[in-house]
Amino acid sequence: MTFPRLSSIAAVVMLTGLAVPAMAQDNKPEAPAMTAAEKETAKKIYFERCAGCHGVLRKGATGKNLEPHWTKTDKDGKKTEGGTLALGQSRLEKIIGYGTDGGMVNFDDILTKEELTLMAKYIQNTPDVPPEYSFKDTMDSWKLMVPVDKRPTKQMNKLNLKNVFSVTLRDTGEVALIDGDTKEIVSIVKTGYAVHISRLSASGRYVYVIGRDGRLSLIDLWMEKPSVVAELKIGFDARSVDTSKFKGFEDKYAIAGSYWPPQYVIMDGDTLKPRKVVGTRGMTVDGEYHPEPRVASIVASFIKPEWVVNIKETGQILLVDYSDIENLKTTTIASAKFLHDGGWDASKRYFLVAANASNKIAAVDTKTGKLAALVDTAKIPHPGRGANFVHPKFGPVWATGHLGADVVTLISTPSEDPKHKQFKQYNWKVVQEMKHVPGNLFVKTHPKSKHFWADAPQNPDKDLAESVAVWDMADLSKPKAILNVAKDSGLPETKAVKRAVHPEYSADGKEVWISLWGGKTDQSAIVVYDDATLKVKKVITDPKMITPTGKFNVYNTQHDIY
Ligand code: DHE
């Protein structure tokens, strides 16, 4: 697991022993020696566990800078050429093992002692610069398993496609397609490594699944047994994908963003044939060049032929106009660092994205193509896609949870509905902070629901990490309900924490599905709650359903309902 988890402060503060490595001739510290095999192993672990937060070049983003000037010890065990406090082998091992109060996850339950030692050595060595990945490389990776003319012309199965869920099985590199009506697993589809998200085509026929390894899989839901019909490797490390949703462009294009190399790929929506690769290297909002500005969230506009592409390290939000991809026009909007995840307001005119290191939410007006607001929030906002509802006192609001603070923030959003006129005075203000706990990743509600759900999978307390909180939106002063999802699942106790993560509604807004993300060898489950009564309706569990995390309901994802 690569997300920062809030961990015990005391453990780290006590553990400050510094090792003094061998000195080179110039009296500068030498990086610990490693064999080629050790380096290879460490490189793999770094990619799987560390790069997401610290970056491949280790310049830092959600996680700290890990370049050698910072990690290597000088002969006094203190300052190095970078001017910051150096860490050294023994302290690094402890930080990696126990985590930090800054939000770094403890890895002592994930990595062995030998691996901790190896990783501490590895990050004192100069980072390897991974290779680039050209348009030709992208094209060479393209696999079209089922050409369009060999695909069905109508739906060949009896599924209620609107209510199918695409569920990430994180540690097996698969997604499970689950029938939301019967709760049966329809099929388990092999995809990229540690799949991150699924998104839907405008028609709702195609599911796009992006793996952390950059493998994009296209699943056709119309086939008798929904299967992968095309695949493309868009880069070496990726998190985001979306499709063209503007009228006249339905299912025409897809776009996927890459962490390494920093670039995005535009492709044909029904085959994934690559059309264009665009680099995102450039200047940050502070006017400094950055060599690794990764593509974070991407979302498709419904009001223009545009994608909103959020560039993490530069803090620049790109509006990419796909109406003429040969002559691509892009609007670049400066916001704040480091951009991560976000979602639409209720009107779908404004996109709100977390600038997590700045403790801000940036809102873009996609109608005017301008920044609408930069809203200060509590520490480390993490909305997922956020959640929209009409607050009894403040009118339409969009909500974000926080990894680093014990609140859910409600931000007033503009509305053209005359009955919301009196709320204009609150627009882009934080109108309320609802008391929650730190370590929240995802919040969710539904236009037909009266409830608001928030998880806390990154909280260090086992009970809190295994529970979700539910508010009554009509009266937010009422005490929230706390549901212990692990206990409700009836699964046996295990050593690994079963993190309750990612609430997702059924298409009709009547059920909420929560993943129980346990250890790789433990039994996991999805617990389905009745949204009206907050009672368990069904526990979906199967030996094949390993480490479920994100769940994407076809209808809600297709229409961005949250
Ligand atoms: Fe995510 C969304 C990046 C760790 C589950 N995650 C996103 C998005 C980004 C991102 C950029 C927005 C995509 C979009 O909307 O286009 N996530 C990252 C990371 O860089 C990070 C911090 C570390 C890493 O190495 O990946 C990270 N994410 C995690 C996890 O550990 C989670 C909890 C479990 C997992 O499956 O890996 C996780 N991320 C998710 C989910 C979404 C997501 C479920 C989509 C939320 C939604 O409702 O749309």
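What radius of gyration would a compact globule with 562 residues have, and what does the protein chain have? A compact globule of that length would come out near 24 Å, and the protein chain has 23 Å, which agrees. Keep in mind as you look around that this is a predicted model. The briefing below starts with the whole chain, moves to the ligand, and then visits some strands and loops.

**The whole chain**
- Along its principal axes, the C-alpha trace of the protein chain spans about 70 × 55 × 50 Å.
- If you count the elements along the protein chain, you will find 9 helices and 35 strands.

**The ligand and its surroundings**
- Where does the ligand sit? Its place is the largest cavity.
- Several elements give two or more residues to the shell around the ligand: β5 (197-200), β9 (237-243), β15 (295-300) and β35 (548-553).
- There are 23 residues around the ligand, and those that come nearest are H196, R212, R239, Y259 and R385.
- Sorted by class, the shell around the ligand holds 9 nonpolar, 9 polar and 5 charged residues.

**Polar atoms facing the ligand**
- R385, one of the residues that come nearest, has a polar side-chain atom 2.8 Å from an oxygen atom of the ligand.
- T549 also places a polar side-chain atom 2.8 Å from a ligand oxygen atom.
- For R170, an N or O atom in the side chain is 3.0 Å from an oxygen atom of the ligand.

**An open sheet**
- Five strands make an open sheet, and their order is β1-β8-β7-β6-β5, with antiparallel pairing.
- Why do β1 (143-144) and β5 each have one side without a neighbour in the sheet? Both stand at the edges with a single partner strand, so one side of each is left free of a neighbour in the sheet.
- β5 is worth a second look, since this edge strand is also among the elements that give two or more residues to the shell around the ligand.
- At the other end of the listed order, β1 runs antiparallel to β8 (residues 227-233), and 2 bridges join them.
- To see this pairing, find L144, whose bridge partner in β8 is A230.

**A hairpin**
- Strands β11 (residues 263-268) and β12 (residues 274-279) run antiparallel and are joined by 5 bridges.
- Together β11 and β12 form a hairpin, with 5 residues between them.
- One pair to look for is V265 and its bridge partner in β12, V277.
- In the turn of this hairpin, L272 has a positive phi of about 70°.

**Loops with special backbone angles**
- Which form does the peptide bond from W260 to P261 take? That bond is cis, with omega near -15°.
- P261 belongs to the loop between β10 (253-260) and β11, and β11 then goes on to form the hairpin with β12.
- A cis peptide bond also links K337 to F338, with omega near -15°.
- You can find F338 in the loop between β18 (329-334) and β19 (339-344).
- K183 is a residue other than glycine with a positive phi, near 70°.
- The loop that holds K183 lies between β3 (174-179) and β4 (185-190).

Note on methods. Residues numbered from 1 in each chain as written. Predicted model: local features only at pLDDT ≥ 70, side-chain atom pairs only at ≥ 80, totals over all residues. Heavy atoms only, no water. Near = heavy atom within 4 Å. Polar contact = N/O pair within 3.5 Å; in protein donor to acceptor, adjacent residues only side chain to side chain. 1 Å grid on protein atoms, 1.4 Å probe; cavity = no way out; pocket = protein on both sides within 12 Å on 5 of 7 lines; lining within 4 Å. Sits in = over half its atoms within 2 Å of the grid points. Helix = DSSP H or I, 4+ residues; strand = E, 2+ residues; numbered from the N terminus. Nonpolar A, V, L, I, M, F, W, Y, C, P; charged D, E, K, R; others polar. Pairing = 2+ DSSP bridges. Rg over C-alpha atoms; globule rule 2.2 N^0.38 Å.
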